[in-house]
Amino acid sequence: MMLEPLRWIVGRGVLGWEILTRNKPVERSVEEQAIVDAATSGICMYEFRACPFCMIVRKVIYHKNLNIELRDARRNKTWGEELRRQGGKYQTPCLKITDADSNVQWMYESKDIIAYLDQRFPTE
Ligand SMILES: N[C@@H](CCC(=O)N[C@@H](CS)C(=O)NCC(=O)O)C(=O)O
């Protein structure tokens with residue numbers, strides 16, 4: 001009961017910090033962005049809005065200008081259950097990567113996720 005207001009306050013702080021400190025998105029031509037969008041179409045991220053680890057990954061996604069669907073696993077029970085059952089644990093951030101053959105990989109750990117995004121979508 002007391003947890004919800006606290007979570008809300010922390011969440012506002014995290015979101016405010018995220019907006020103030022994130023780097024602006026890289027610019028691409030329409031053609032280049034279409035290629036990147038096609039590559040990210042099979043990727044989504046399970047997150048909690050107030051999670052600082054998620055915030056760090058969101059900043060990377062924003063800067064790299066990646067259209068990765070964000071799934072709030074706390075507010076949306078279906079996504080929460082999906083994460084727990086299919087991913088293996090109720091922890092965020094978690095990237096769900098579906099390849100062209102429909103093979104699914106669940107990637108936990110913010111550092112691993114950022115390394116993966118850096119390798120697939122290098123910037124600078
Ligand atoms: N080492 C992990 C830590 C992730 C983590 O601790 N996430 C928290 C949210 S900030 C979590 O999912 N806790 C489980 C829960 O709240 O039920 C990372 O860097 O991604």
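**View 1. The buried residues of helix α5 in the predicted model.** Helix α5 covers residues 110-120. Its buried residues are S110, I113, I114, Y116 and L117. Seen down the helix axis, these residues fall within an arc of 160°, so they line one face of α5. The face turned away from the buried side carries the exposed residues K111 and Q119.

**View 2. What the buried residues of α5 pack against.** Two of the partners are β1 (43-47) and α3 (52-63). The others are β3 (94-98) and β4 (104-108).

**View 3. The largest nonpolar core, with 26 residues.** L95 and L117 have the most contacts inside this core. Which elements give two or more residues to the core? They are β1, α3, β3, β4 and α5. In soluble globular proteins, nonpolar side chains tend to be buried together.

**View 4. The contacts of L95.** Neighbours within four places in sequence are left aside here. L95 is then in contact with I43, C44 and M45. Q105, W106 and M107 are also in contact with L95. I113, Y116 and L117 complete the list. L117 appears here as a contact of L95, and it is also one of the buried residues of α5.

**View 5. The surroundings of the ligand.** The ligand is surrounded by F48, C51, P52, F53, R74, Y90, Q91, T92, P93, E109 and S110. Among them, S110 is also one of the buried residues of α5.

**View 6. Polar contacts of the ligand with T92, E109 and S110.** A polar backbone atom of T92 is 2.8 Å from a nitrogen atom of the ligand. For E109, an N or O atom in the side chain is 2.7 Å from a ligand nitrogen atom. S110 places a polar side-chain atom 2.7 Å from an oxygen atom of the ligand. How much of the ligand does the protein bury? Taken alone, the ligand exposes 510 Å², and the protein buries 67% of that.

**View 7. R58, a buried residue in helix α3.** Is R58 buried or exposed? Its relative accessibility is 4%, so R58 counts as buried. The side chain of R58 reaches the backbone oxygen of R49 at 3.1 Å. Residues up to four places away in sequence are not counted in the contacts of R58. R58 touches V14, L15, E18 and L70. R58 also touches M45, E47, F48 and R49. Among these contacts, F48 is also one of the residues that surround the ligand.

Methods: Residues are numbered from 1 along each chain as its sequence is written. This is a predicted model: local features need pLDDT of at least 70, side-chain atom pairs count only at pLDDT 80 or more; totals for chains, interfaces and linings use all residues. Side-chain values use heavy atoms; hydrogens and water are left out. Buried means under 20% relative accessible area, exposed over 50%, partly exposed in between (1.4 Å probe, protein chains only). Helices (H or I, at least four residues) and strands (E, at least two) are DSSP runs, numbered from the N terminus. The arc is that of the directions from the helix axis to the C-beta atoms. Contact means heavy atoms within 4.5 Å. A nonpolar core is a set of buried Ala, Val, Leu, Ile, Met, Phe, Trp, Tyr and Cys residues joined through side-chain atoms within 4.5 Å. A residue is near a molecule or strand if one of its heavy atoms lies within 4 Å of it. A polar contact is a pair of N or O atoms within 3.5 Å; within protein, one must be able to donate a hydrogen and the other to accept it, and residues adjacent in sequence count only if both atoms are side-chain atoms. Accessible areas come from the Shrake-Rupley method with a 1.4 Å probe; for residues, only the protein chains shown count as cover.
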